[in-house]
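Work through the exercises below with the sequence and the model side by side. Each task is followed by a worked solution.

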Amino acid sequence: TARRALQELADEGLVVRAKGSGTYVAPLKSQTSFMAIRNIADEIRARQHDYAAHVHMLRQVPASVPVAEQLELAVDAPAFFSVITHTENGVPVQVEERYVNPAVAPDYLKQDFRLTTPHEYLSAVAPLTEASHQIEAITPSLAVCEWLELAKPEPCLRIIRRTWSDAGVVTYAVLTHPGSRFVLGGHLTFKP
């Protein structure tokens with residue numbers, strides 16, 4: 001029936017049903033796969049949407065204990081740090097807080113990340129050989145709310161990613177997505 005069809009569309013997040021008001025097309029959510037590491041700019045452009053980045057921070061910092069452990073550096077050793085908001089059609093869909101091992105990507109701080117993404121640059125200078133992901137639901141900090149242009153804190157999805165190349169650990173990144181604008185998905189095919 002039409003009622004059942006609308007309920008299935010609502011269950012898939014394609015429409016929003018409001019009692020007494022009607023059924024409306026759900027707002028578009030950015031989607032990425034947790035099984036692959038892809039360039040966010042490529043994902044957005046593949047949907048034929050506009051991609052842009054705003055660089056909030058790009059500097060050298062002393063590695064704190066957690067960062068030093070993740071990058072396999074000495075505590076207080078130099079590490080590169082960037083904070084970038086990635087947008088789709090002008091709407092923020094990801095805040096990327098990234099620590100980079102200077103020994104692996106010594107020119108990281110010289111890049112213009114409005115023109116190329118950290119992923120593009122790092123893939124060129126230190127091709128990935130390994131990666132790990134940790135995915136969690138969080139309440140964002142006030143700074144992340146500001147970078148994502150959230151009117152009030154809302155549940156967000158955080159992906160903590162560590163990457164390696166032949167030269168060692170390349171990055172430790174924290175990627176935060178607003179739950180109302182993002183879907184994490186994937187498809188696996190198993191062959192007997």
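**Exercise 1. Describe how covered β8 is and how it is paired.**

Step 1. Take burial first: β8 is mostly covered, with 8 of its 10 residues buried. Buried means under 20% relative accessible area, exposed over 50%, and partly exposed in between (1.4 Å probe, protein chains only). Strands (E, at least two residues) and helices (H or I, at least four) are DSSP runs, numbered from the N terminus.

Before going on, note the basis of these values: this is a predicted model, in which local features need pLDDT of at least 70 and side-chain atom pairs count only at pLDDT 80 or more, while totals for chains, interfaces and linings use all residues. Residues are numbered from 1 along each chain as its sequence is written, and side-chain values use heavy atoms, with hydrogens and water left out.

Step 2. Find the partners. β8 pairs with β7 (residues 130-138) in the antiparallel sense over 9 bridges; two strands pair if DSSP finds at least two bridges between them. On this side, His 133 stands opposite Arg 161 of β8.

Step 3. Turn to β9. It runs antiparallel to β8, and 10 bridges join the two. Ser 165 stands opposite Gly 168 in β9, and the two strands form a hairpin with 2 residues between them.

**Exercise 2. Place these strands in their sheet, and explain which strands are at the edges.**

Step 1. Write down the order: β4-β5-β6-β9-β8-β7, an open sheet of 6 strands with antiparallel pairing.

Step 2. Look at the ends. β4 (51-62) and β7 each have a single partner strand, so one side of each is left without a neighbour in the sheet.

Step 3. Check the twist: neighbouring strands are turned by 15° against each other on average, direction ignored. Axes are lines fitted to C-alpha atoms, for helices over the stretch in contact, and angles run from 0 to 180 degrees between N-to-C directions.

Step 4. Inspect the pairing of β6 with β9, which is antiparallel over 6 bridges. Here Tyr 99 stands opposite Tyr 172 in β9.

Step 5. Add the helix. α4 packs on the sheet and touches β5, β6 and β9, its direction making about 35° with that of β6. Contact means heavy atoms within 4.5 Å.

**Exercise 3. Identify the best-connected residues of the largest nonpolar core, and follow one of them.**

Step 1. The core has 22 residues, of which Val 67, Leu 71, Val 95, Tyr 99, Leu 148 and Tyr 172 touch the most other members. A nonpolar core is a set of buried Ala, Val, Leu, Ile, Met, Phe, Trp, Tyr and Cys residues joined through side-chain atoms within 4.5 Å.

Step 2. List the elements that give two or more residues to this core: α3 (65-71), β5 (78-88), β6 (91-100), α5, β8 and β9 (168-178).

Step 3. Follow Tyr 172. Beyond its neighbours within four places in sequence, the contacts of Tyr 172 include Val 67, Leu 71, Tyr 99 and Ile 160.

**Exercise 4. Decide whether Glu 154 is buried or exposed, and find its surroundings.**

Step 1. Locate Glu 154 in the loop between α5 (142-147) and β8 (156-165).

Step 2. Glu 154 counts as buried because its relative accessibility is 19%.

Step 3. Outside the four nearest places in sequence on either side, Glu 154 is in contact with Ile 138, Pro 140, Pro 178, Gly 179 and Ser 180. A polar atom of the Glu 154 side chain lies 3.4 Å from the backbone nitrogen of Gly 179.

Notes:
A polar contact is a pair of N or O atoms within 3.5 Å; within protein, one must be able to donate a hydrogen and the other to accept it, and residues adjacent in sequence count only if both atoms are side-chain atoms.
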